[in-house]
Amino acid sequence: MDGPNGTYGGSADIAEYIRKFVVVAEELHFGRAAERLGMAQPPLSRAVQRLERRLGVELFDRRNRQIELTPAGEVLLAEGRKALTSLQAAKLRAKRAGRVEPRLVLVMKPGGDADLLDAILTRYAEHPDAVEVEVMICGIGEQEVMLREGEADVALLRRPYDDLAGFATEELLTEREVAVVRRDHRLATRTSVTMADLAGETFPRWTPDSEGPGPLIRDTGQVTQLIALGKTIAVLPESVKAHLRRDLVAVPILDGQLTTLLIAWSEESRSRPLAALIRTAAEAAGQTSATVEATG
């Protein structure tokens, strides 16, 4: 219901008005937006007008037949999407926290733990605040989305590849990059290479909008198979060497960038079991690194 002066009342109303605005902003057409929302167009138009009155700004330029976002509308679209995502994430996290048997959901891509996860979970199981940890294996880039949308409590991410905005993080391992090639590749016998040595090679495309002629990778398990077939080479973290096929070689890249494996979680989280998992992960990663250095 409208509040005084034709505005709306509580935060639930605000979220609903913003949700409707976001759909209209995405469609830039009230008719299509109303169809998406399963409602008639007139009440949708009134809802947007009430939101504009509440904010004291125009969100759409209606002077032409095709509506357009105003600068204020563009800002609200970006921020509104974030707010709605955060609200949905909060609902999902609250549901999980309210379970009779609480648990944490950890998400990672295949092979995305640099062989640390087993040590982390083993050590965590001994902690007094430990709860069950469900490990979810996802596709490339999905772990960040799942964490942001509240489908996971914690994720293993890589800097500089993943967007860390809005997350708290703890560094676990920093690695150099290697070029993974077939054993009969021209660079396979080299003790090291530079990025210049890789010029002219075909690299995989990790996302549909990536440039280049290389094959699109939908799952990290595809990478080594495609390298073995001679369809591509790949630049990967050096921890990949532990599980390479016999017909592949990892060659250190002298001027490759450093990549850091991080454990990430929502900045708003106040979960004791999650805090215990983060501490345990940092301790296990430090102990594993020290062991590798001593035996390397």
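**Notebook: loops, sheet and helix contacts**

I looked up Pro160 first and found it in the loop between β5 and β6. The model I am reading is a predicted one. I checked the peptide bond before Pro160: Arg159 and Pro160 are joined in the cis form, with omega at about 15 degrees.

**Entry: the sheet**

I then followed the strands. Five of them make an open sheet of mixed pairing, in the order β4-β3-β5-β10-β6. I noted β4 (132-137) and β6 (167-175) at the edges; each has a single partner strand, so one side of each lacks a neighbour in the sheet. From one strand to the next, the twist averages 25 degrees.

I examined one pair within the sheet. Strand β5 (residues 154-159) runs antiparallel to strand β10 (residues 259-266), and six bridges connect them. Arg158 has Leu261 of β10 as its bridge partner.

**Entry: helix α5 on the sheet**

I recorded that helix α5 (residues 117-124) packs on the sheet and touches β3 (103-108), β4 and β6. The direction of α5 makes about 165 degrees with that of β4.

Which residues of α5 are buried? I found Leu117, Ile120 and Tyr124 to be so. They lie on the same side of α5, because the arc they cover around the axis is only 65 degrees. This agrees with a general rule: an α-helix has 3.6 residues a turn, so residues three or four places apart point the same way.

**Entry: Thr280**

I located Thr280 in helix α8 (residues 272-295). Its relative accessibility is 2%, so I list Thr280 as buried, the limit being under 20%. Beyond its neighbours within four places in sequence, Thr280 is in contact with Ile120, Arg123, Tyr124 and His127. Among these, I had already entered Ile120 and Tyr124 as buried residues of α5.

**Entry: Glu201**

I placed Glu201 in the loop between β7 (177-182) and α7 (221-228). With residues up to four places away in sequence left out, Glu201 touches His185, Arg186 and Ile233. The side chains of Glu201 and Arg186 make a polar contact at 3.0 Å.

**Entry: positive phi values**

I looked up two residues other than glycine with positive phi. Leu28 has phi near 50 degrees and sits in the loop between α1 (11-27) and α2 (30-37). Ala114 has phi near 55 degrees and belongs to the loop between β3 and α5.

Is each buried or partly exposed? I noted Leu28 as partly exposed, at 27% relative accessibility, and Ala114 as buried, with a relative accessible area of 12%.

Methods. Residues are numbered from 1 along each chain as its sequence is written. This is a predicted model: local features need pLDDT of at least 70, side-chain atom pairs count only at pLDDT 80 or more; totals for chains, interfaces and linings use all residues. Side-chain values use heavy atoms; hydrogens and water are left out. Helices (H or I, at least four residues) and strands (E, at least two) are DSSP runs, numbered from the N terminus. Buried means under 20% relative accessible area, exposed over 50%, partly exposed in between (1.4 Å probe, protein chains only). Contact means heavy atoms within 4.5 Å. Two strands pair if DSSP finds at least two bridges between them. Axes are lines fitted to C-alpha atoms, for helices over the stretch in contact, and angles run from 0 to 180 degrees between N-to-C directions. The arc is that of the directions from the helix axis to the C-beta atoms. A polar contact is a pair of N or O atoms within 3.5 Å; within protein, one must be able to donate a hydrogen and the other to accept it, and residues adjacent in sequence count only if both atoms are side-chain atoms.
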